[in-house]
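Visitor: I'm new to this structure and would love a close look at one part of it, the packing of its helices. Could you walk me through it slowly?

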Protein chains: 2
Amino acid sequence: MEAKYDVLAIGNAIVDVIAHCDDDFLVKENIHKGAMNLVDAQRAEALYSAMGPAIEASGGSAGNTAAGLASFGAKTAYAGKVASDQLGKIFTHDIRAIGVHFDTPALDDTPPTARSMIFVTPDGERSMNTFLGACTELGPEDIDEDLVASAGITYFEGYLWDPPRAKDAIRRAAEISHANGRSVAMTLSDPFCVDRYRNEFLELMRQGTVDIVFANESELKSLYQTASFEEGLDAIRQDCALAAVTRSERGSVIVSRQENHHVDAMPVEKVVDTTGAGDLYAAGFLFGVTQGFNMADCGRIGGLAAAEVIQHVGPRPQVSLADLLAQSGIAD
Amino acid sequence: MEAKYDVLAIGNAIVDVIAHCDDDFLVKENIHKGAMNLVDAQRAEALYSAMGPAIEASGGSAGNTAAGLASFGAKTAYAGKVASDQLGKIFTHDIRAIGVHFDTPALDDTPPTARSMIFVTPDGERSMNTFLGACTELGPEDIDEDLVASAGITYFEGYLWDPPRAKDAIRRAAEISHANGRSVAMTLSDPFCVDRYRNEFLELMRQGTVDIVFANESELKSLYQTASFEEGLDAIRQDCALAAVTRSERGSVIVSRQENHHVDAMPVEKVVDTTGAGDLYAAGFLFGVTQGFNMADCGRIGGLAAAEVIQHVGPRPQVSLADLLAQSGIAD
């Protein structure tokens, strides 16, 4: 059966609250630089009070990937939990407006829609402080089985192991996906997230729940508790069918048991805000996979999308990625 | 008595919802390009459905002016009405975070915080569609008499004539201000707003309720129903103590009965989004006035702030205007 959707992305549905700060602020507020820091309601209030003027933009790792896929022209669906509040309406609007199918029922009441306070330092690095809110209510009942069955790839974020029942939703979705001859992909999300759920993530890979894994260098090293990138690469090629590992300005490496590709990063004038870099790499890579590109070109398309998103504030593309790809020559 | 605040700004407290679109979209949706279009709840819903992915940023004309004044280092207060909802919390956070005193009581219930859907066309022009929401509830009871008495200048936007009772708040504030030997300033806001309230605005000026008037060229022409800029200038210098009239890339003209200054615009690389241009001109000009600069330099400082805000998306400064002024040489 032809896939109705190229990709179904599942993740924590989050609105980003973005401000600039200097490095001293991160130290003073005890924010782990470059990481996703989970915060409770009280800490969220305190941090927001200390935060400078901000702008708001829809985010969420898999949400950004879905937006990227749609911008490339892929048929894309998304599942994630918002509340029926103003931030939830903003999230819902933005993801639908870029062409993504999204109909996970919104929570009627509290907790409110998740938000992540993102501090961008002068080097362009982002440090996230996420209040999960309504995302904690995502569960298997939110998984539309027909939707999963009709998606070529079901993609999810490792961050979903933080809320209590989302992992059950993912395990159920993976079963349905594989039962319908589809593929399952995940991102390891964050080195500390890997540290929290290392054994479960390894099990997902080794038991074949997941076919394609996205990671960056520090997530890979965290997964295998090694300081050696090469050692990590050797390990992950044994543990999943396909892995794409990003290395910032050093590009990405794509490995399977049979293949090994090093892909250069796209040139970037100035890194403004790295938020969404990994998410958009995944979008480009998965778009390439759904269109039958070779692995190296999939990596290049991922790099193209990542380069766009780090050159402006905000985690989603601001130009048509389909146009960008057409101009890049990769698809010729 | 020394002024506790250099400026108290009063206006419609609005969160901007900003997206790009092409000119065809404006035509199709019947949006008057470059203007502030008032929309009701139903029209707001319909337009939002048609809008592309957006970002949110605190706005409101006088709110932007207050943010600009604080960024220059002026002691600034703001009054305006939000609801106690998520958008209201965002507005409140952002204006306080830039250093503005803001404590107008928030509405407990509906209508919700105002938002303006702003469409930015490829030429950088913005077309606004404002749902006034909680702003319709601003009234004289929201005016803190001590605050007005302690502000060197009370500044307000002509847009306040749209909600039903805000004009009563302004008239009361102007009385208190003048009774304390302070000054009152206003912006004409928008040519269609001028068209709606021409006689009342002229009366405010001619009866001395307002001392300083900000206008752009089309607002000036609308006020005096003339096609001649010079005729408008000749008229306004008779009607108020001081007027600053902006002309986009042609700079600004400052007139009083005694003075007449033409000030060049600051060079701009690329106009990205004109939202806030007039608001930030007013911020820079008023900052100059409070610091005792001559009129021409006040105009230059206004132009400096306007040039900053039109080179990025969003209606408030993204760098320190105090730093920008220090680097400009104007203050030497």
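Visitor: Before the close look, what radius of gyration does chain A have, and how does that fit a compact globule of 332 residues?

Guide: Happy to help! Please keep in mind that this is a predicted model. Chain A has a radius of gyration of 18 Å, which agrees with the value near 20 Å that a compact globule of 332 residues would have. Along its principal axes, the C-alpha trace of chain A spans about 50 × 40 × 40 Å. Within chain A, 55% of the 332 residues count as buried. Contacts in chain A with a separation of 6 or more come to 75% from residues 24 or more positions apart. The secondary structure of this chain consists of 12 helices and 14 strands.

Now to the helices themselves. Two packed helices are described by the angle between their axes and the distance between the axes. Let's start with helix α3 (residues 61–72) and helix α10 (residues 277–290), both of chain A, whose axes come within 8 Å and cross at roughly 45°. The two helices, α3(A) and α10(A), are therefore oblique to each other. The crossing of α3(A) past α10(A) is right-handed. On the α3(A) side, the contact is made by S61(A), N64(A), T65(A), G68(A), L69(A) and F72(A). Facing them from α10(A) are D279(A), L280(A), A282(A), A283(A), G284(A), L286(A) and F287(A). By class, the residues of this contact between α3(A) and α10(A) are seven nonpolar, five polar and one charged.

Further along chain A, you can find another pair. Helix α11 (residues 295–309) of chain A and helix α12 (residues 321–328) of chain A have axes that come within 11 Å and cross at roughly 120°. That angle makes α11(A) oblique to α12(A). Here, too, α11(A) passes α12(A) in a right-handed crossing. From α11(A), the contact uses I301(A), L304(A), A305(A) and E308(A), while α12(A) brings L321(A), L324(A), L325(A) and S328(A). The contact of α11(A) with α12(A) has six nonpolar residues, one polar and one charged.

Next, let's move over to chain B. Helix α10 (residues 277–290) and helix α11 (residues 295–309) of chain B pack at an angle of about 145°, with their axes 7 Å apart. The crossing of α10(B) past α11(B) is right-handed. Among the residues making the contact are L280(B), Y281(B) and F287(B) of α10(B), along with I301(B), L304(B) and V309(B) of α11(B). By class, the contact of α10(B) with α11(B) has 14 nonpolar, five polar and two charged residues.

A helix also matters where the chains meet. The contact takes 18 residues from chain B and 18 residues from chain A. On the side of chain B that touches chain A, β4 (55–58) and α4 (86–97) each supply at least two residues. The largest share of that side, six residues, comes from α4(B). By class, the side of chain B touching chain A has 10 nonpolar, four polar and four charged residues.

Finally, one residue to look for on a strand. Y78(A) lies in strand β5 (residues 76–79) of chain A. Y78(A) is buried, with 30 other C-beta atoms within 10 Å. Leaving aside neighbours within four places in sequence, Y78(A) is in contact with A9(A), A62(A), G63(A), A66(A), I95(A), V100(A) and F102(A). By contrast, M295(A) lies 217 residues from Y78(A) along the chain, and their C-alpha atoms are separated by 24 Å.

Technical notes. Residues numbered from 1 in each chain as written. Chains lettered and ligands numbered in written order. Predicted model: local features only at pLDDT ≥ 70, side-chain atom pairs only at ≥ 80, totals over all residues. Axes fitted to C-alpha atoms, helices over the stretch in contact; angles between N-to-C directions. Helix = DSSP H or I, 4+ residues; strand = E, 2+ residues; numbered from the N terminus. Parallel < 35°, antiparallel > 145°, perpendicular 65-115°, else oblique. Left-handed = near helix turned anticlockwise from the far one by under 90°. Contact = placed C-beta atoms within 7 Å. Nonpolar A, V, L, I, M, F, W, Y, C, P; charged D, E, K, R; others polar. Rg over C-alpha atoms; globule rule 2.2 N^0.38 Å. Buried ≥ 20, exposed ≤ 12 C-beta atoms within 10 Å, placed from the backbone.
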